Amino acid sequence: MLTLIRVMGQRTMARLSNFDLAAAVALGAVIGRAILGYTPTLVAGALGVITLLVLQAVTGQLRRFPKGLNAVSNRAYVLMAGERIVMANLRRTHVAEHEITARLRLAGIRSWSEVACVILELTGEISVLRRGMPIERGMLEDVVGAELVPAAFLADPEN
């Protein structure tokens, strides 16, 4: 399941439509049957739940280390740098241009010139950083495409 979500992109689980929710529930049922076997028993069910809880705990511990975090989590991507849409990152993350435009409107953006950058976060949510306040470089650490954000929008453009 984790591999499937990684391949499909983090937007898959960010905001579930009715169809997405139904598909996720059905997929969970199929995976649950596969874990428990053909005719599940109480012991098999308990073993399945314990296995999933242990796997959740292990992945939680893996997130503490950079290589483990990369293995179990998605990365954040710059989708827009200044007024420029980063098409390569849109394709890589399966985000459509109209989704960016919708998110900009939700953020109260009225003009492309108001945008410093747009980032697809680890969670699949899209965040919008406005021009005006400089962005500290640490805020863009580990964001794929951070180097595309114009230096004029950064807190320390000379470094």
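**Salt bridges, strand pairing and nonpolar cores**

In the predicted model, Arg-131 has a relative accessible area of 32% and is therefore classed as partly exposed, since this class lies between the limits of 20% and 50%. The side chain of Arg-131 forms a salt bridge with that of Glu-83, with an N to O distance of 3.5 Å. This pair connects distant parts of the chain, 48 residues apart: Glu-83 belongs to the loop between S1 and S2, and Arg-131 to the loop between S4 and S5. Glu-83 is likewise partly exposed, at a relative accessible area of 47%. Two salt bridges are found in a search of the whole structure. Glu-114 and Arg-130 also meet through their side chains in a salt bridge, at 3.1 Å from N to O. Glu-114 is located in the loop between H7 and S3, and Arg-130 in strand S4, so this pair ties together parts that are 16 residues apart in sequence. Partial exposure applies to Glu-114, with 23% relative accessibility, and to Arg-130, with a relative accessible area of 37%.

The overall organisation of the chain was examined next. Its secondary structure consists of seven helices and five strands, arranged from the N terminus in the order α-α-α-α-α-β-β-α-α-β-β-β. Of the 159 residues in the chain, 30% are buried. Among contacts with a separation of 6 or more, 51% involve residues 24 or more positions apart. The chain exposes about 10500 Å², of which carbon and sulfur atoms supply 64%.

Strand S1 (residues 76-81) is mostly covered, with six of its six residues buried. S1 pairs with three strands, taken here in turn. With strand S5 (residues 143-144), S1 pairs in the parallel sense over two bridges, and Tyr-77 stands opposite Val-144. With strand S3 (residues 115-120), the pairing is antiparallel and extends over four bridges; here Val-78 has Ile-119 as its bridge partner. Strand S2 (residues 84-85) is joined to S1 by two bridges and runs antiparallel to S1, with Met-80 opposite Ile-85. The hairpin of S1 and S2 has two residues between the strands, and Gly-82 takes a positive phi near 65° in this hairpin.

Nonpolar side chains in soluble globular proteins tend to be buried together. The largest nonpolar core of the model comprises 15 residues, of which Leu-79, Met-80, Val-95, Ile-100, Leu-104 and Val-118 touch the most other members. At least two residues of this core come from each of S1, helix H7 (97-106), S3 and strand S4 (126-130). Beyond its neighbours within four places in sequence, Met-80 contacts Ile-85, Val-86, Ile-100, Leu-104, Trp-112, Val-115, Ala-116, Cys-117 and Val-118. Another core, of 14 residues, lies apart from the largest one and includes Ile-135, Leu-140, Ala-146 and Phe-153.

Nonpolar residues also occur at the surface. Ile-31, Ile-35, Leu-52 and Leu-55 make a nonpolar surface patch of about 340 Å². Helix H3 (18-36) and helix H4 (42-62) each provide at least two residues of this patch. Leu-55, found in helix H4, has a relative accessible area of 48% and is partly exposed. Residues must have over 30% relative accessible area to enter a patch, so Leu-55, at 48%, meets this requirement.

Definitions and conventions
Residues are numbered from 1 along each chain as its sequence is written. This is a predicted model: local features need pLDDT of at least 70, side-chain atom pairs count only at pLDDT 80 or more; totals for chains, interfaces and linings use all residues. Side-chain values use heavy atoms; hydrogens and water are left out. Buried means under 20% relative accessible area, exposed over 50%, partly exposed in between (1.4 Å probe, protein chains only). Two strands pair if DSSP finds at least two bridges between them. Patches are made of residues with over 30% relative accessible area and no salt bridge: like charges are joined within 9 Å, nonpolar side chains (Val, Leu, Ile, Met, Phe, Trp, Tyr) within 5 Å. Accessible areas come from the Shrake-Rupley method with a 1.4 Å probe; for residues, only the protein chains shown count as cover. A salt bridge is a side-chain nitrogen of Lys or Arg within 4 Å of a carboxyl oxygen of Asp or Glu. A nonpolar core is a set of buried Ala, Val, Leu, Ile, Met, Phe, Trp, Tyr and Cys residues joined through side-chain atoms within 4.5 Å. Contact means heavy atoms within 4.5 Å.
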